[in-house]
Structures are given as structure tokens and as C-alpha cells.
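User: Could you take a close look at the aromatic side chains in this model for me? I'd love one connected walk through how the rings pair up.

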Amino acid sequence: MDRLPASQGGAGVRRARRPGRPRLLVAFTALVVCYLFAPIAVVVLFSFNKEDSLAVFGGFSTRWYVALLHDGGIHASLIASLEIGAATMMIAGIAGTALALGLERSGLRAARVVEGTVMLNLVSPEIATAVAALLIFTQLGITLSLATVILANATWAIAYVTIIVRSRLASLSSQVEEAALDLYASQWQTIRLVTLPLLWPAILASSLLVFVMSFDDFITTYFVSGLGVPPLPVRIYSMIRFGVTPEINAIGALMTVATVSLALTALALFALRRTRSGPGVVTDLNG
Amino acid sequence: MRSGRAIFRVLLLPGTLWLAVLFVIPLGLVAAVSLARTNIVGLPVYGLHLDNYKSAFQSYYLPVIFRTVEYAGAATAIIGVLAYPTAYTIARFGGRLKNALIVLVILPWFVDYLVRIYAWVVILGDNGTLNGILHGLGLRGSPPVQFLNRPWAVIGGLVYTYFPFMVLPVYAALEQLDHQLIEAGRDLYASGRRVFWHITLPLSSPGIAAGIVLTFLPSLGDFATAQLLGGPDTYMVGNLIADQFSDVGDITFGSALTIVLMSVLLVVILGYLWTGSRRARAVRA
């Protein structure tokens with residue numbers, strides 16, 4: 001952050017020298033932002049459409065939300081997805097944080113192999129990990145259910161939490177922990193009373209992120225969900241394949257409000273720890 | 001740190017075991033099943049058969065593999081062209097709004113994956129918003145323009161879905177860039193264009209490389225985009241794999257396709273690491 005004034009000065013000088021260039025770039029960026037938000041705006045707008053049409057807005061109405069309110073199938077799917085999100089978040093939050101601590105502080109050579117596996121998991125196309133999970137479940141004779149969805153989602157979720165928490169851990173000075181140890185705190189007390197409180201924003205943020213991502217995960221969930229109540233994304237998928245109805249607009253608008261506000265909370269937690277110390281939001285996300 | 005690392009070794013255990021049982025071993029199983037043959041009831045009989053790989057590279061399926069790489073490549077290139085100027089503008093001219101702006105740009109990514117694809121069905125469909133607008137503009141009576149089920153619909157969907165994965169690493173690279181180098185270039189009377197090509201772009205290349213990997217790989221494995229915005233002519237490997245694991249499919253063939261996909265991934269990752277070490281050498285030199 002200490003470089004900020006200099007960079008702003010640089011930008012100012014540039015602006016003075018060639019007035020046209022930033023304006024063009026700013027216009028381009030504005031167009032990109034419009035492109036990113038227009039489809040979502042269309043979905044939200046048409047969720048309030050009085051007509052069935054997706055082409056013409058015939059007036060304001062909440063009929064599609066009312067229809068949702070009375071759709072028992074949707075409710076069951078929503079609850080299933082909330083359960084998936086919550087369970088995945090718990091498992092990944094705990095196992096991922098533990099793994100991050102182990103990778104960063106155990107000093108084991110074998111930890112490099114584990115780290116490589118975490119990275120491979122993160123970059124693997126989701127369809128490949130989903131197929132792998134499906135095969136292990138079917139070969140072991142495990143019936144596909146909500147539990148298999150949670151097991152499979154937690155696998156990639158652990159990798160996400162590990163990377164985010166670990167990047168925070170790496171930016172912490174170990175001197176604080178050494179001070180605690182010098183004062184005769186046990187290793188476990190040090191983790192509990194010193195390290196974890198410092199990591200808390202990163203743990204919370206990554207857990208929230210993983211909740212949102214597993215709540216609306218489609219690919220893994222599609223492969224390993226069984227014949228029971230379909231989780232929300234799987235239900236939406238079959239609804240879209242059956243034919244587009246404005247009811248999906250209403251679901252989409254509600255999910256957008258829910259996931260975006262959770263995501264903003266997670267990002268605010270990142271921002272919180274940036275202002276305290278350490279690198280910014282994006283550097284952290286990149287690990 | 002000193003003694004007492006035992007506790008950290010214990011902490012390694014749960015996550016490591018989880019990844020071993022639900023990621024590493026299953027991947028091995030995929031490889032084993034890909035080399036198996038199916039019996040009459042569709043169960044794999046393990047062995048060392050290459051039949052599935054032969055049929056994957058047969059004239060019937062090969063176009064699908066090429067098409068997948070083509071779509072993913074086109075999507076990555078378009079994302080690059082859109083994302084680099086965006087990240088550059090925010091990093092360079094964002095000022096105090098920098099963080100807010102980058103959050104704004106990645107925010108749509110948090111909207112549900114299917115809802116984002118569905119939004120394009122709403123816009124591009126035969127009875128969709130775009131055709132409604134064209135209709136209103138006086139093209140009344142003319143048949144609706146078919147936007148869906150075309151390659152560009154699928155590529156456009158991929159661009160929309162994976163855009164943030166390019167913006168973030170490029171922005172991070174540009175944000176960390178030492179502005180004194182740019183000032184030095186300007187002081188030495190380099191034009192803005194030369195400063196960009198000789199200083200800014202090379203220094204942000206690690207971000208571009210990371211962005212290419214992060215957008216290309218998930219595009220390769222995507223299947224809902226081609227399923228919902230495309231048709232049989234725009235099928236990607238992901239669709240083929242998904243079909244094999246449905247009731248009528250052949251899981252040994254599906255596994256072989258998955259291994260082919262993972263091999264492409266490995267090539268991309270190795271290429272990334274190789275160019276990374278070359279870049280590191282170039283910096284040191």
C-alpha cells in the first residue's frame with residue numbers, strides 16, 4: 001500500500017501527457033462490467049414479469065415468487081443443498097485448516113507430496129474428480145445419496161480452504177508463536193490461543209466461500225447425487241432442460257441475492273485482514 | 001520453530017487421508033477402469049486393454065476432442081482480450097476504488113453457475129430477450145434468429161463463466177508491478193507504447209500464464225455450457241463423459257475419456273511450469 005501515492009502520481013502524469021488513453025480504457029472496462037452484469041439483470045428483471053414471456057416485459061408482478069413459495073419440490077431441494085453446504089463447510093473448514101497448519105509447520109518432506117496433491121486437486125477439471133468419486137462409490141457399493149455428495153464436495157473444498165488459510169499462515173510472522181512458546185505455553189496452547197485467533201478471518205472467509213460454492217456446485221453434485229431429492233442445482237438443471245419457465249428466473253434472482261451477499265461477507269473478511277496487515281485480497285486468493 | 005512438531009504431523013493426517021481416499025485412489029481407479037472391458041451387464045472386467053483409448057481416437061470421437069480444445073482455446077483467448085485491459089485499467093487508474101472495482105468484476109462469478117448459463121438461454125433463445133428486441137425493432141414477422149446451438153453460443157458461455165479466473169491473476173500481477181520501473185522507462189524517453197510492450201506486459205506475463213491455465217483447464221472439462229447453450233453438433237468431451245456415466249453409457253470408455261482429459265491437463269501444467277522456470281531464468285539473467 002505504501003506505493004500507492006507514487007502510482008497515483010504516475011497515473012496523473014500519464015493522464016496529463018496523453019488524455020485520450022485512459023478514457024478509452026475506462027470506457028472499455030465499463031463495457032466489460034455491463035457485459036458481466038447484463039445477463040443477471042435480465043434474469044432479475046424477468047423474474048418480476050407479469051407475462052410468461054422472456055422477450056417482452058409485460059408489467060410488474062410477483063407471481064413467480066408466489067409460485068416458488070408453493071413449490072414443495074423446490075423447498076426440499078433447497079434444504080438438501082443447504083445441508084450439503086453446511087456439512088461441506090464444517091468438514092473442509094476443520095480438515096483444511098488442520099492441513100494448512102501441518103503443511104506450513106510440520107517440516108516434513110512428505111508434506112511436499114501432500115501439497116502437490118492439493119494443487120493437482122485444485123486444477124483438475126471438476127468433471128474428472130467427479131467421475132473419480134462416482135467410480136469409488138459405485139465400486140465400493142455405496143448407494144449414492146446426500147452423504148456421497150457431501151463426501152465428494154468436501155474433497156475439493158478441503159483443497160480451497162487449505163490454500164487460503166495457508167497463504168495467511170505464510171504471511172504471519174512465527175515470532176509471536178515463538179514468544180508464546182518461550183513463555184512456556186505448550187504447542188497446543190500456542191495454536192489454540194495465538195495461531196488460530198490470527199487465522200480466524202481467513203478460516204471464516206474460506207469456509208463461507210466453500211459454503212457458497214458447494215451450495216451451488218453443479219458438476220460434482222450432478223454425478224454423485226442419487227435418486228432421492230435432487231439438490232437445488234440438479235433440480236434447476238432438469239428444469240432448464242425441460243423448458244425455460246419464468247419460475248427459474250425467480251429462483252435465480254433469489255439465489256443471486258443469497259450467494260452474492262455471502263460472498264461479499266467473505267470478501268469483507270479478506271479486506272479486514274488486509275487493512276490489519278499482509279497482502280491484499282487478490283494476492284491472497286491466488287495463494 | 002523448535003521441538004514439538006509432532007502435533008503438526010498429526011494435523012496433516014485427516015486432510016491427507018481424505019485426499020488419498022477420495023481423490024488419489026479414485027483417480028487410480030479411473031485409470032484401472034479405463035483399461036478394463038465391460039461384460040454383458042456393463043460391469044468392468046479389469047485387464048490391460050487399450051480398446052477404449054482406440055475408440056476415443058477413432059474418427060467418430062476425435063472431432064469432439066479437437067472441438068473441445070478449440071472451444072476452450074477460443075474462450076481463453078477472448079477472455080484474455082477482455083480481461084487484460086480491464087485488469088490493467090483497474091490496477092493502473094483505479095486509485096482508491098481499486099479493491100471495490102475488482103470485487104465488482106468478480107461478483108457475477110458468485111452467481112450460481114447454472115443461473116449464469118441459464119441467463120444466456122433467456123437472452124439468446126428463440127423466444128428470448130434478444131429476439132424480442134429484434135422483433136420490436138421492426139423485424140416483425142421474420143422468423144426468430146437462431147443464436148443457440150451454435151459454436152459461438154457455447155464459446156460465449158465459457159467466456160462468461162470463466163472470465164474472473166483471468167482477471168484475478170492478471171490484476172494481482174499488475175498490482176504488484178514496481179511502478180518505479182515504469183517511471184524509469186518514461187524518464188529514459190520511452191513512449192507509453194514502448195513502456196507497455198517492454199516493461200508492463202513482460203512483467204505481468206506470470207499473471208497471464210496463470211490466467212491461461214486457470215481459464216483453459218476448467219473450460220476443457222465443462223459440460224453444462226455445451227449441454228444448455230449448444231446441441232449435438234457442439235458437444236464437448238465433458239458431454240461425452242457425462243453420457244458414458246448415464247444409464248446407457250459405458251463407464252470404461254468414460255474413464256478413458258477422463259484420462260485423456262487429465263493428460264491434456266498434465267501437458268498444460270507441465271508447459272506452465274516449464275515457461276515459469278524459463279521466465280525465472282530470464283529474470284535472473
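Analyst: Y160(B) is buried, at a relative accessible area of 3%, in this predicted model. Its aromatic partner is Y35(A): the ring centres are 5.6 Å apart and the planes stand at 80°, so this pair counts as edge-to-face. Y35(A) itself is partly exposed, with a relative accessible area of 23%; that value lies between the 20% limit for buried and the 50% limit for exposed. The pair joins two chains, because Y35(A) sits in helix α2 (residues 20-47) of chain A while Y160(B) belongs to helix α7 (residues 151-162) of chain B.

For another geometry, turn to F211(A) and F215(A). Their rings are stacked, 6.2 Å from centre to centre with 10° between the planes. Both residues lie in helix α9 (residues 187-215) of chain A, four residues apart, or about one turn of the helix. F211(A) is buried at 15% relative accessible area, and F215(A) is buried too, at 7%.

There is also a cluster to explore. Ring pairs link F218(A), Y222(A), F223(A) and Y237(A) with Y113(B), F223(B) and F245(B). If you'd like the wider tally, a search of the whole structure gives 27 aromatic pairs over all chains.

One member of that cluster, Y113(B), leads us on to a helix contact, as helix α5 of chain B spans residues 113-124. This helix packs against helix α6 (residues 129-136) of chain B at an angle of about 25°, the axes being 4 Å apart. That angle makes α5(B) roughly parallel to α6(B). In the contact, V122(B), I123(B) and L124(B) of α5(B) meet T129(B), L130(B) and N131(B) of α6(B). By type, these residues comprise four nonpolar, two polar and no charged.

How values were computed:
Residues numbered from 1 in each chain as written. Chains lettered and ligands numbered in written order. Predicted model: local features only at pLDDT ≥ 70, side-chain atom pairs only at ≥ 80, totals over all residues. Heavy atoms only, no water. Axes fitted to C-alpha atoms, helices over the stretch in contact; angles between N-to-C directions. Parallel < 35°, antiparallel > 145°, perpendicular 65-115°, else oblique. Contact = heavy atoms within 4.5 Å. Nonpolar A, V, L, I, M, F, W, Y, C, P; charged D, E, K, R; others polar. Phe/Tyr/Trp six-rings, centres within 6.5 Å; stacked < 30°, edge-to-face > 60°. Buried < 20%, exposed > 50% of the residue type's maximum accessible area, 1.4 Å probe, protein only.
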